[in-house]
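Colleague: Before we turn to the details, I should like to learn how the side-chain features of a model are read. Might we take them one by one?

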Amino acid sequence: MERGLPFGTEASKAKYFASEKAVAAANLAIQAFGGYGYVDEYPVQKYMRDARVMTLYEGTSQIQKLLIGRAETGISAFL
């Protein structure tokens, strides 16, 4: 971005990767805590909500995959 080059595809890749990995990590934490993972006394339930909503902000994960696919192949899924 500082060089004035296009960065949309790289941004989509980073957003998709980071948000999906955050959800996966939060799911593992819920598994580790068991039933306590859903109780307000532990922060794990908040981490899960926060991670899940990140897959929705600035374009859902599905949209990010479509954008990445179009950039990499030159074929649009929206014909």
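Modeller: Let us begin with the aromatic residues of this predicted model. Phe33, Tyr36 and Tyr42 together make one aromatic cluster, and the structure contains two aromatic pairs. One of them joins Phe33 and Tyr42 in an edge-to-face arrangement, with 5.5 Å centre to centre and 65° between the planes.

Colleague: By what is a pair of aromatic rings described?

Modeller: The description rests on the distance of the centres and the angle of the planes. For Phe33 and Tyr42, the angle of 65° between the planes is over 60 degrees, so the pair counts as edge-to-face.

Colleague: How do Phe33 and Tyr42 count in terms of accessibility?

Modeller: Partly exposed covers relative accessible areas between 20% and 50%. Phe33 counts as partly exposed because its relative accessibility is 36%, and Tyr42 does so because its value is 30%.

Colleague: Which residues make the nonpolar surface patch?

Modeller: Ile63, Leu66, Leu67 and Phe78 make this patch, of about 330 Å². Ile63 belongs to helix α3, residues 61-73, and is partly exposed because its relative accessibility is 37%.

Colleague: Which side chain of opposite charge is nearest to Lys15, and how far away is it?

Modeller: That side chain is Glu20, 7.1 Å away. A salt bridge requires the charged atoms to lie within 4 Å, and Lys15, although buried, has none. Lys15 is part of helix α1, residues 8-33. Leaving aside residues up to four places away in sequence, Lys15 touches Met54, Thr55, Leu56, Tyr57, Glu58, Gly59 and Gln64.

Definitions and conventions
Residues are numbered from 1 along each chain as its sequence is written. This is a predicted model: local features need pLDDT of at least 70, side-chain atom pairs count only at pLDDT 80 or more; totals for chains, interfaces and linings use all residues. Side-chain values use heavy atoms; hydrogens and water are left out. Patches are made of residues with over 30% relative accessible area and no salt bridge: like charges are joined within 9 Å, nonpolar side chains (Val, Leu, Ile, Met, Phe, Trp, Tyr) within 5 Å. Accessible areas come from the Shrake-Rupley method with a 1.4 Å probe; for residues, only the protein chains shown count as cover. Helices (H or I, at least four residues) and strands (E, at least two) are DSSP runs, numbered from the N terminus. Buried means under 20% relative accessible area, exposed over 50%, partly exposed in between (1.4 Å probe, protein chains only). Rings of Phe, Tyr and Trp (its six-membered ring) pair if their centres lie within 6.5 Å; planes under 30 degrees apart count as stacked, over 60 as edge-to-face and the rest as tilted. Lys and Arg count as positive and Asp and Glu as negative; His and the chain ends are not counted. Contact means heavy atoms within 4.5 Å.
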